[in-house]
Every structure is written in structure tokens, then in C-alpha cells.
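Grab a viewer and work through these exercises at your own pace. Each task comes with a worked solution.

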Amino acid sequence: MAFDPLLVVGLVVALAGFRLRAAMLDAVGVGTNGLLSHASKWLVPAALLAIAATQGLTPADLGWRVDSPVRTLGRVAVGLVVLIGSAALASPVYDRIGSGNDELEAGMADLADTSAMGKVFVGATAGATEEVAYNGYALERLAVLTGNPPLAGAVTATAFVLGHWGDQWSLSAVLRIAQPAILVTGMYLYWRSLPVLIAIHALNDILGLFLAPEADDAEGSDGVVTPGDTR
């Protein structure tokens with residue numbers, strides 16, 4: 001395969017674009033939790049779509065594949081049950097070992113500290129922008145490049161998990177984020193449908209934001225965030 005500089009640029013934007021965005025916001029003094037910050041996440045898929053168009057890629061090349069409405073809705077339901085169920089099953093284990101509970105609870109409380117429409121916007125933005133970047137562009141392009149979709153998925157899932165480290169989450173919290181990241185990547189590799197994974201990711205995040213206590217309610221009398229079931 002001939003060297004394609006646009007592919008290199010696209011992979012850098014897909015795998016590191018959100019970290020670069022956070023660094024730029026920090027440089028200009030914009031916090032990472034405000035709605036303006038979340039809105040800026042759309043710059044990453046916008047850049048990727050422009051790169052993909054220049055490369056001559058079609059929507060299907062970026063994972064935009066849809067089956068019948070019934071099958072699509074069924075897959076979304078199954079994926080949501082898998083994410084919620086796995087989090088519920090794993091939560092007692094994480095509670096026992098104390099891995100990232102406080103950080104995740106605090107982070108979710110900060111994200112949830114907005115209006116109902118704000119929660120929907122934050123969750124939908126995360127689902128759409130992150131899936132387009134990590135699965136729609138990076139995984140699909142790496143799968144073509146390597147001929148090995150599982151290897152491509154391992155790279156993108158690792159990039160997704162590490163992309164959260166040092167931004168809002170500590171290392172222990174990031175290790176918990178790895179669980180749904182691996183599941184979502186596995187579901188994408190199985191179904192190869194970007195719309196399905198966007199819906200699953202967005203609905204899971206929106207539900208988590210509505211269930212999370214807001215920042216003022218999440219603190220106990222000693223100012224320590226109470227651990228709970230977070231995703």
C-alpha cells in the first residue's frame with residue numbers, strides 16, 4: 001500500500017485528537033466540563049470527515065452500515081443491556097478493591113451537574129464523537145491497513161482508555177473505564193455498524209448521567225465523594 005499522508009493525519013486526529021483538544025482548551029483557560037468544552041469535541045469528527053472526504057472514503061468505509069430497523073433496535077437494546085449488566089456485576093468487585101470509585105463518582109457528579117438537556121447533550125456528544133473517531137475512522141482504517149480487525153480494535157480501545165488518563169480521571173479510574181471500552185470495541189468488531197454503537201454509547205452515557213448524583217449531592221459531610229455504581 002502506497003504511503004498516504006492523509007491517512008497518517010487522520011489516524012493522529014482520531015487517536016489523539018481529543019487529548020490535543022483538551023490541551024488547547026487548558027492553554028486558553030477553558031475548563032473541560034462546561035458545555036462549550038463538550039461542544040468542541042465535535043471538531044474532531046468534523047476534521048475526520050473532511051479528511052475522509054479528501055481520501056475519497058464513503059460512509060460505509062467509516063462504518064456507517066445499517067440493517068433493518070428491527071435488527072438495529074435489537075442490537076442497540078442488547079448492547080445497552082450488556083454494558084449496564086456488566087457494570088452491575090463488576091461493581092461489587094471494584095467496591096471491594098477500591099479501584100477508582102471515588103474518582104469516577106466525582107467525575108460523573110461533575111458531568112451530571114447540568115440541566116436535563118445538558119445531560120442529553122453531553123452523553124450524545126460523547127457517543128457520537130468518540131465512536132466516529134475511534135471505531136468509525138481509526139478502527140476501520142487500521143483494519144484495512146493491517147488486515148487484522150481485532151488488532152485494530154486493540155489499538156483503538158487502548159487509545160480510548162489512555163485518552164481519559166490525566167484529563168479528568170486518575171489511573172485507577174481509567175482502569176475501570178477500560179471495561180466498557182473493551183466491550184464496546186468488541187461489539188463494534190462483531191456488528192461493524194457505527195450507528196448501532198453510537199446509539200449504545202450515547203444511551204449508556206445519558207443514563208449514567210441521569211443516575212449520577214450532582215456534585216453538591218455527591219459529597220458527604222466530610223467532603224469525600226461517596227462510592228457507588230458508576231459507568
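**Exercise 1.** With which side chain does the side chain of His-201 make a polar contact of 3.3 Å?

*Solution.* Before you start: this is a predicted model, where local features need pLDDT of at least 70 and side-chain atom pairs count only at pLDDT 80 or more, while totals for chains, interfaces and linings use all residues. Residues are numbered from 1 along each chain as its sequence is written, and side-chain values use heavy atoms, with hydrogens and water left out.

- Step 1: find His-201 in helix H9; helices are DSSP runs (H or I) of at least four residues and strands are E runs of at least two, numbered from the N terminus.
- Step 2: look for a polar contact, a pair of N or O atoms within 3.5 Å; within protein, one must be able to donate a hydrogen and the other to accept it, and residues adjacent in sequence count only if both atoms are side-chain atoms. The partner at 3.3 Å is the side chain of Glu-130.
- Step 3: check the other glutamate, as a 2.8 Å polar contact links the side chains of His-201 and Glu-131.

**Exercise 2.** Decide whether His-201 is buried or exposed.

*Solution.*

- Step 1: recall the cut-offs: buried is under 20% relative accessible area, exposed is over 50%, and partly exposed lies in between (1.4 Å probe, protein chains only).
- Step 2: His-201 has a relative accessible area of 8%, so call it buried.
- Step 3: list what His-201 touches (heavy atoms within 4.5 Å). Leaving out residues up to four places away in sequence, the list is Ala-126, Gly-127, Glu-130, Glu-131 and Phe-160.

**Exercise 3.** Work out which helix gives the largest share of the largest nonpolar core.

*Solution.*

- Step 1: a nonpolar core is a set of buried Ala, Val, Leu, Ile, Met, Phe, Trp, Tyr and Cys residues joined through side-chain atoms within 4.5 Å.
- Step 2: this one has 38 residues, and Tyr-137 is among those touching the most other members.
- Step 3: H6 (116-146) is one of the elements giving two or more residues, and H6 tops the list with 9.
- Step 4: try Tyr-137 itself, whose contacts include Leu-6, Leu-48 and Leu-62.

**Exercise 4.** Classify Arg-192 and describe its backbone.

*Solution.*

- Step 1: Arg-192 sits in the loop between H8 and H9.
- Step 2: its relative accessibility is 21%, so Arg-192 counts as partly exposed.
- Step 3: phi of Arg-192 is near 50 degrees, a positive value in a residue other than glycine.

How values were computed: Contact means heavy atoms within 4.5 Å.
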